[in-house]
Amino acid sequence: MDDTIRRACVIGWPIEHSRSPMIHGHWLEEHGIAGEYGKRAVRPEALEDFLLNLPRHGLVGCNVTVPHKEAAFEIIHRANPEGVTALARALGAVNTVWLDERGRVCADNTDVHGFMANFMERAPDWTAPGRHVVIIGAGGAARAVVAGFAREGVARVTIANRTLEKAERMAEELAGIGEAALAAAPLSDLPALLPQADVLVNTTSLGMTGQPPLEVDLSPLPEHAVVADIVYTPLKTALLAQAEQRGLATVDGLGMLLHQAVPGFEKWFGLRPEVTHELRALVEADILKERAGRDGE
Ligand code: NAP
């Protein structure tokens, strides 16, 4: 193997559908960097050995996706507690792993950066102070979104979830991240929450191709409200289409995927890449191609 080439990859179980190789491959080519970024299926029982022996696998780092984000946090935090960022410690999950100058394994959660960078890019006039954000869902991705808004300095975040106890636990666990008051609610409270919401975010898998729709009537939202969806297949979910019809500002989920990749690329390949229209168009075309393939089946 050529030692001068820096190699990274995304790991998951399964991993076939990851678009991370397309994103990093685009940046490597754009900047003429002698590097490689692939994907590797890693079984849960092989995760610890993989993460603690990256050089043996020919790697300078990796992205971590479903179902390994929490387990990767536990493993790396045990091996090198100082190498895990405070944000990743607060979230208990990591998605970006690299080696420091002494070869010690380090990790961060860049989903928070990914969501907020995309949100601020798409809603540039939006400001955090005094805002109430309503988040639908209390899964892994919701944690990153709640943390992002709490750190940004909003006044209030309400987490509405099918399983109320999960939302309550999340509100308790993330309470220290910023000054925001965090609250939990059942999904049935949404109609009562919407008139006081400045931002509404779907973080559930509802509305994704192949999943049930997200049934929510957006008419009670105030006119200045911003509606975001982190689902990006389809690119324009039914939630975003409904918000657009009402004339509300919208933020789609694809930008989160693109922006979360930026810090990892910088760590592994030494250059901070940009999320350009060209990159977005490339990934959009791939999503549309996959959809056309499915429709033709
Ligand atoms: P997760 O941890 O499994 O959480 C799933 C969430 O969806 C939970 O809140 C769950 O509620 C809710 N849910 C699922 N089915 C439901 C139903 N039938 N009715 C009501 N609620 C339901 O998943 P995740 O990792 O957070 O991912 C969630 C979505 O975000 C996925 O579609 C994923 O592709 C997307 N995502 C996008 C990005 C991006 O870069 N744009 C990044 C990460 C994830 P309960 O708690 O009640 O089960």
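Does Asn109 count as buried or exposed, and at what relative accessibility? At 5% relative accessibility, Asn109 counts as buried, where buried means under 20% relative accessible area, exposed over 50% and partly exposed in between, with a 1.4 Å probe and protein chains only.

The model is predicted, so local features need pLDDT of at least 70 and side-chain atom pairs count only at pLDDT 80 or more, while totals for chains, interfaces and linings use all residues. Residues are numbered from 1 along each chain as its sequence is written, and side-chain values use heavy atoms, leaving out hydrogens and water.**Figure 1. Overall view of the predicted protein, with twelve helices and eleven strands.** Helices (H or I, at least four residues) and strands (E, at least two) are DSSP runs, numbered from the N terminus. The radius of gyration, taken over C-alpha atoms, is 19 Å, close to the 19 Å that the globule rule gives for 297 residues, so the protein is as compact as a globular protein of that length. That rule is 2.2 Å times the number of residues to the power 0.38. Along the principal axes, the C-alpha atoms fill a box of roughly 60 × 45 × 35 Å. Of the 297 residues, 49% are buried.

**Figure 2. Close-up of Asn109 in the loop between strand E5 (105-108) and H5.** A polar atom of the Asn109 side chain lies 3.0 Å from the backbone oxygen of Ala93. The Asn109 side chain also reaches the backbone nitrogen of Asp111 at 3.0 Å. Leaving out residues up to four places away in sequence, Asn109 touches Thr85, Leu87, Ala88, Leu91, Ala93, Val94 and Asn95; contact means heavy atoms within 4.5 Å.

**Figure 3. Close-up of Asp111 in helix H5 (residues 111-122).** Asp111 counts as buried, with 10% relative accessibility. Its side chain is joined to that of Lys69 by a polar contact of 2.9 Å. A polar contact is a pair of N or O atoms within 3.5 Å; within protein, one must be able to donate a hydrogen and the other to accept it, and residues adjacent in sequence count only if both atoms are side-chain atoms. Neighbours within four places in sequence aside, Asp111 is in contact with Lys69, Asn95, Ala144, Met256 and Gln260.

**Figure 4. Close-up of helix H1 (residues 20-30) and its cover.** The buried residues in H1 include Ser20, Pro21, Ile23, His24, His26, Trp27 and Leu28. Among the elements that cover them are strands E1 (6-12), E2 (35-41) and E3 (61-64), together with helices H10 (254-260), H11 (262-269) and H12 (277-295). Just after H1, Gly32 takes a positive phi of about 60 degrees.
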